[in-house]
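This report describes one protein model for a reader who is beginning to study structures. Please keep the sequence and the three-dimensional view at hand while reading.

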Amino acid sequence: MNLEQALLVIATAHGNELPVEALEAVKMNWSVFYPDLERLIDQFITDDISLTDEQQAILFFGTLLLAELKYVPALSKCLQLFSRSDSFLTPLEGVFGDALTELTPTLFYNVADGNTQVLSDYIVDGHQAMYCKASAIEAVFAQYEVGVIDKTELGEHVTRWLAAFLALPNSISSFLMSALADSCIEYQLDNFKHQFVELCDKDLFDEDRFKKSEVKAWHRGDAPKLIESGIIQAEFSVVDTLKAWIDDDSEEELLDTLPSEDHDIFESLMAEGGLLANILYDEKTILENSVPVSSLAIAGRNDRCPCGSGKKYKKCCLQ
């Protein structure tokens, strides 16, 4: 399969079919393909509603391949791509869906290849991509986890981020302070405890993102860290990851966890079907037909939410 044929297959992918052979062909012809991907990124940056569905599919898979190939030359372009509002129903969310929160930590970690300063600058930049900034925070903490930076260096970055968030108090800053507190607790940066507790008392936290009671408790036990848990994948495979997403949405497995009276609701959600429905889930349908969490098994903070949205529990019904 040549590159032109591969891009046609990727652009027209549908259902639960992953374009495995086509993605391999793109990787084999990466030096030829990347300039085309860069042009798509530039087009999206210039006019984020100008891409066709076919171009969006190529942008989606091509960007994920950056993480798999650890393509460091794309770091600057990658951060430009994700320097825009990334909330629900924005063009960026429309292209990347769940990958926007689930895979950007891996993308930033792998493409940055230890370049902490660039990620730190991205976090304090004035753009509105709050979920992607939170992903960059996780990527820097993962660098600390593997020894790229030490605790003193990490503390300097945390101090810088906090100052930037406090200088511009708004909902995005509140969300990011909550995300930062989460990571500081997880990695036991205890010297920041007093400062974060004071912020709780000033109501500067986003309670939907992270509870003030969790900040004041300041304890995470022995929870696995980002690299250890696989939330950030240093060895990332686009095909393996998306296959796992599809497998996680197995209808028979999920039906077994639901009360019989909820089967019709579940089947109506599954009728949305397809790979893109798993990745770019129909949130309106989920909100209208969601199953009460009280009727489902309790999940861990970083497990997939039992409501079926595909999000992590801490970013969905735990809020």
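The report that follows treats a helix, the nonpolar core, the salt bridges and two loop residues in turn. The model is predicted.

**Helix α10**

Helix α10 covers residues 130-145. How far apart should the ends of this helix be, given its 16 residues? At 1.5 Å a residue, the expected span is 22 Å, and the end C-alpha atoms are 23 Å apart, so the model agrees with the expectation. The helix is also largely enclosed by the rest of the structure, because 14 of its 16 residues are buried. Just after α10, the backbone at G147 adopts a positive phi of about 90 degrees.

**The nonpolar core**

The largest nonpolar core contains 91 residues. Those that touch the most other members are F82, F96, F108, F141, V158, L180 and F196. Helix α10 gives the most to this core, with 10 residues.

F141 may serve as an example from the core. When residues up to four places away in sequence are not counted, F141 touches L154, V158, W161, L180, S183, C184, Y187, L189 and L226. One of these contacts, C184, has a relative accessibility of 0% and therefore counts as buried. Another cysteine, C200, counts as buried because its relative accessibility is 1%. How many disulfides does the structure hold? A search of the whole structure finds 0 disulfides.

**Salt bridges**

The structure holds 7 salt bridges. The table lists three examples, with the separation of the nitrogen and oxygen atoms in each pair.

| Salt bridge | N to O separation |
|---|---|
| K27 and E24 | 2.8 Å |
| K27 and E68 | 2.5 Å |
| R39 and D36 | 2.2 Å |

In the pair K27 and E24, the two residues are 3 apart in helix α2, so about one helical turn separates them. E24 counts as partly exposed, since its relative accessibility is 39%. K27 is likewise partly exposed, with a relative accessible area of 22%.

K27 also forms a salt bridge with E68. This second pair links distant parts of the chain: K27 lies in helix α2 and E68 in helix α4 (residues 53-69), 41 residues apart. Is E68 buried or exposed? Its relative accessible area is 19%; buried means under 20%, so E68 is buried.

E68 has further partners. A polar atom of the E68 side chain lies 2.9 Å from the backbone nitrogen of V238. Leaving aside neighbours within four places in sequence, E68 is in contact with K27, F236, S237 and V238. The side chain of E68 thus meets K27 in a salt bridge and reaches the backbone of V238 as well.

R39 and D36 form a pair within one helix. Both lie in helix α3 (residues 30-46), 3 residues apart, which is about one turn of the helix. R39 is exposed, with a relative accessible area of 52%, whereas D36 counts as partly exposed at 29% relative accessibility. Elsewhere, salt bridges that share partners join E24, K27 and E68 into one network.

**Two loop residues**

The remaining examples lie in loops between helices. L18 is found in the loop between α1 (3-11) and α2 (20-28). With a relative accessibility of 16%, L18 counts as buried. Which separation is found between the C-alpha atoms of L18 and L242? These atoms are separated by 7.9 Å, although the two residues are 224 residues apart along the chain.

T90 lies in the loop between α5 (75-81) and α6 (91-96). This residue also counts as buried, because its relative accessibility is 14%. The C-alpha atoms of T90 and D48 are separated by 9.2 Å, and these residues are 42 residues apart along the chain. In addition, the side chain of T90 reaches the backbone oxygen of S85 at 3.4 Å.

**Summary**

In this predicted model, helix α10 is largely enclosed and gives the most residues to the largest nonpolar core. Salt bridges join E24, K27 and E68 into one network, in which K27 and E68 come from helices α2 and α4. The loop residues L18 and T90 both count as buried.

Notes. Residues numbered from 1 in each chain as written. Predicted model: local features only at pLDDT ≥ 70, side-chain atom pairs only at ≥ 80, totals over all residues. Heavy atoms only, no water. Helix = DSSP H or I, 4+ residues; strand = E, 2+ residues; numbered from the N terminus. Expected span 1.5 Å × (residues − 1). Buried < 20%, exposed > 50% of the residue type's maximum accessible area, 1.4 Å probe, protein only. Disulfide = S-S within 2.5 Å. Salt bridge = Lys/Arg side-chain N within 4 Å of Asp/Glu carboxyl O. Polar contact = N/O pair within 3.5 Å; in protein donor to acceptor, adjacent residues only side chain to side chain. Core = buried A, V, L, I, M, F, W, Y, C linked by side-chain atoms within 4.5 Å. Contact = heavy atoms within 4.5 Å.
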